[in-house]
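These are my notes from a first reading of one chain. I wrote them entry by entry, in the order in which I looked things up.

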Amino acid sequence: MRIFILGLVERVGHPVRRIVADRIPARTGPVRVGLATVTGRSMEPALHHGDQLVVLYGLEPRPGGLAVVRLPDGEDGPRPMSVKRVTGRAPGQPDHWWVERDNPNEGVDSWQIGPIHESDVAARVLLRVPTSPRQQAVGLVSGLSRVAARTGARLLRLGGRGIG
């Protein structure tokens, strides 16, 4: 498969701006990298309000991993995009995912609204961006390096020299 260049959102604040992926599963279609900000407390203690996440759009979620999902409208109208833990495919519904919150006292999950259709799973969470500038620099590079190693990708600086 041809090499895809995936752009990181400029707000990450780190010199890493591109991931060159040598192997992206062909069945996924277009894939892009983005940044999501956590709002609310439904994923505590794993994630906290204000945490930033590097997400990969276009790949199906992994059971046990985190995903950005569209929840169905509530009584008060549309709900915002949400980060939830994917526990697996819904029993008897191969095109639906069961998603849960980590904090049983906050938020909404499949126990209240039922399974989520696969078209409502917007992105897979790759990693949490650490909050301090030093943690951002170290955490982002090491996290992206781990992702790159698993996917066979190379990380490039803006000047084109490899970093991981």
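**Entry 1: terms for strands.** I began with what pairing requires, which is that DSSP finds at least two bridges between two strands. Helices (H or I, at least four residues) and strands (E, at least two) are taken as DSSP runs and numbered from the N terminus. With these terms I looked up L53 and found that its bridge partner in β9 is R128.

**Entry 2: what kind of model this is.** I noted that the model is predicted, that local features need pLDDT of at least 70 and side-chain atom pairs pLDDT 80 or more, and that totals for chains, interfaces and linings use all residues. Residues are numbered from 1 along each chain as its sequence is written, and side-chain values use heavy atoms, with hydrogens and water left out.

**Entry 3: the chain as a whole.** I counted two helices and 10 strands in the chain, and reading along the sequence I wrote down the pattern β-β-β-β-β-β-β-α-β-β-α-β. For burial I used relative accessible area, where buried means under 20%, exposed over 50% and partly exposed in between (1.4 Å probe, protein chains only). By that rule 41% of the 164 residues count as buried. I then turned to contacts, meaning heavy atoms within 4.5 Å; among those between residues at least 6 apart in sequence, 50% join residues at least 24 apart.

**Entry 4: strand β9 and its partners.** Which strands pair with β9 in the antiparallel sense? I found that β4 (residues 52-57) does so over six bridges, and that β5 (residues 66-69) does so over three bridges. In the pairing with β5, I noted R124 of β9 as the bridge partner of A67. Strand β9 itself spans residues 121-129 and is mostly covered, with seven of its nine residues buried.

**Entry 5: salt bridges.** I took a salt bridge to be a side-chain nitrogen of Lys or Arg within 4 Å of a carboxyl oxygen of Asp or Glu, and a search of the whole structure finds five of them. One joins the side chains of E60 and R89 at 3.4 Å, N to O. This pair links distant parts of the chain, since E60 sits in the loop between β4 and β5 while R89 is in strand β6, 29 residues apart. Another joins R89 and E118 at 3.0 Å, N to O. R89 lies in strand β6 and E118 in the loop between β8 (116-117) and β9, so this pair ties together parts that are 29 residues apart in sequence. I therefore recorded E60, R89 and E118 as linked in a network of salt bridges, as their entry states.

I also asked how accessible each member of the network is. E60 counts as partly exposed because its relative accessibility is 39%; R89 is partly exposed at 33%, and E118 is partly exposed at 37%. For a further salt bridge I looked at D109 and R101, whose side chains meet at 3.2 Å, N to O, and here both D109 and R101 are buried.

**Entry 6: H96.** Is H96 buried or exposed? H96 counts as buried because its relative accessibility is 16%, and it lies in strand β7 (residues 93-100). Not counting residues up to four places away in sequence, H96 touches R89, A90, P115, I116, H117 and E118.

**Entry 7: a pocket, and S82.** Rolling a probe the size of a water molecule over the atoms shows where empty space is left. A pocket here is an open set of points on a 1 Å grid over the protein atoms alone, where a 1.4 Å probe fits, with protein on both sides within 12 Å along at least five of seven lines; its lining residues have an atom within 4 Å of a point. The second largest pocket is lined by 20 residues, and T39, P80, M81, S82 and V83 lie nearest its centre. The largest share of this lining, three residues, comes from β6.

I followed S82 further and found it in strand β6, where it is buried with a relative accessible area of 13%. Leaving aside neighbours within four places in sequence, S82 is in contact with A67, V68, V69 and L71. S82 and V108 are 26 residues apart in sequence and 9.2 Å apart in space, C-alpha to C-alpha.
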